[in-house]
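This report looks at charged side-chain pairs. The sequence and model come first.

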Amino acid sequence: MPTMSTLRKKEAVSAYLFLSPFLIWLVFLMIGPILAAIYLSFCRWNGLSSIHFIGLANYKTMFGFSIHDGHISFNDPRFWASLYNTFYYTILSVPLTMVLGVVVAMMMDQKIKGISFFRTIYYLPSVLSSGVAFAVLWKWIFNARSGLLNYFISFVTTIPIDQCPKWLASPTWSKPALVIMSCWSIGSGMIIYLAGLQNIPQALYEAAEIDGASRWRQFLTVTLPGLSPVIFFNLIISIVFSFQIFNQVYIISNGIGGPANSTLVMVLYIYQKAFQYFQLGYASALSCVLLIIIMVSTWIQFKYANKWVYYEGELRK
Amino acid sequence: MNSTGVQSNFWSSKKRTERITKIAVWLILVLGSVTMLLPIFWMFSTALKTEATVFATPPIWIPLHPLWKNFVDAWNIDGIYKSQGVNFTTYTINTIIISVSNAIGVMISSAVVAYAFARLRFPGRDVLFLLCLATLMIPYQVTMIPTFILFRNLGWYNTYYPLIVPAFLGGGAFNIFLVRQFFMTIPYELDEAGKIDGCSHLGIFYRILLPLCKPALATVGVFSFVYNWNDFLNPLIYINSNSKYTLTLGLTNFVSFYGQQYNLLMAASLVISIPVIIIFLIGNQYFIRGIATTGFK
């Protein structure tokens, strides 16, 4: 009869067999490439000739600047532009889509008629939103002269169309245009918030009502704490995703990131450096910076999570 | 006036405000729905217009003489690549091959891996699972360049292997997590019963748990299908020859060729969106439930 420990051993062996596809992926397509990217970021390489170790040179080019007559000139202004654009997009689109998602989810949680119909409609665009087809559509909607958006703006405000924002053709308005686009992807978050809202025990609202809490007070003391784990999860995922925006930007700017680098986001710049300029070392350095930004932002969020994320025993399971 | 009278008055006025709130909420939701659907409607409307009516102001919402021929023209890409015999049929077939293979790969491998994480005890399980979740935070672009070099050195450049093989290697952290969470909701007694009947781990997985986790697998399958249908960066990096293009690459090419002919662009965009819309409408109930019940408890 086999002893307990041999049974355990058997179980461990079959576990690692079941895990083997994942382990191969983890080693060869995740940890290995991350280490390789870190190493390449200290190198100069065009992908064909031999690899030259150049130390911190890539990072020096990236962050380097000089000051002449009070003017700062950056060694790589496009890097700073891509950094600025990515942060600009994230800081505006993440809170906006999250607030809209929570608001819509709360409205749907009111036991109104046709909720599954509404849920479908609000969710549908988010399935399409990262696609190339949707970006092509928005390119047309944002068309300065004949686009739908400017027609609406000029219809409502009576501003003549040629004085409306030029959207994708204007360095000032191209990023707000991307943020507007992101509002059509609130559905994916909304579904999760809705599930979270439905998990909040009704008894808590009843108790609050008996205590005479107003609607607003109920929202602050019951809804938000109950929803906070879901909001926290979504915040982290949304930020990670929005730092990686690429498809929409590539399509609306024809892969250039214009006008005047105003839509050059980090991933587009990495793509250009790696696959158009064949500066694989420099591109790897850029991707390492992206990694560090995302890791730091996630770390900060986890660090402050216990200040506002509320776990109730029975919700956690 | 006695106290019960005040009470009933209070409740009826409360009911009235509640009803008014509900109607207001409903109206806002309807307005929002129109806003959400307007772009898709506009895509459809533009696709049916002539070149002249596309740019008309005020815009024509429903074209009087819908030009269905636009779909045929866009599909056949008159002009470009005619000599090469490439049109959207080629792109569609290519995209279906990639998306379906990915969906199959993700369903199989995420189930296998998730089973180990959910049901088996082995040294290093918690560390590995944590590592798996941590990879969610790693932006794809960090691994993109070394992975590209790896696949190129394997001779996989301009083939579909780089786009398909990774799906069979676990299916990604998110899918593993989702299926694992679903496994966790299945009572452990079922495994025990299987064990008593002499089932191996493979037997328990294949005969008992796999049939029960179909909803979760359908969810990750649909997600992966849609993700790959929309994927752009990977095909852009790995696929070089036009006959191997996916729909997203084909459409991008189409955009640079047709520039301002928005009726044809919209026709093509609409057609390549339709499968996603259909799959979404069919699978909608399933994967909303999938996310709601498995993902975030």
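Arg121(B) is partly exposed, at 34% relative accessibility. Its class follows from the cut-offs: buried means under 20% relative accessible area, exposed over 50%, and partly exposed in between (1.4 Å probe, protein chains only). Glu11(A) is buried, at 5%.

The model is predicted: local features need pLDDT of at least 70, side-chain atom pairs count only at pLDDT 80 or more, and totals for chains, interfaces and linings use all residues. Residues are numbered from 1 along each chain as its sequence is written, chains are lettered from A and ligands numbered from 1 in the order in which they are written, and side-chain values use heavy atoms, with hydrogens and water left out.

A salt bridge here is a side-chain nitrogen of Lys or Arg within 4 Å of a carboxyl oxygen of Asp or Glu. Over all chains, the count is five. Among them are these pairs:

| Acid | Base | N to O distance |
|---|---|---|
| Glu11(A) | Arg121(B) | 3.2 Å |
| Asp191(B) | Arg119(B) | 2.8 Å |
| Asp126(B) | Arg125(B) | 3.8 Å |

Glu11(A) sits in helix H1 (residues 4–40) of chain A, and Arg121(B) in the loop between helix H4 (88–119) and helix H5 (125–134) of chain B, so their bridge joins two chains. Helices are DSSP runs (H or I, at least four residues), numbered from the N terminus.

Asp191(B) and Arg119(B) meet in a salt bridge. This pair links distant parts of the chain, 72 residues apart: Asp191(B) is in helix H9 (residues 189–196) and Arg119(B) in helix H4, both of chain B. Both residues, Asp191(B) and Arg119(B), are buried.

Asp126(B) is exposed, with a relative accessible area of 59%. Its partner Arg125(B) is partly exposed, at 26%.
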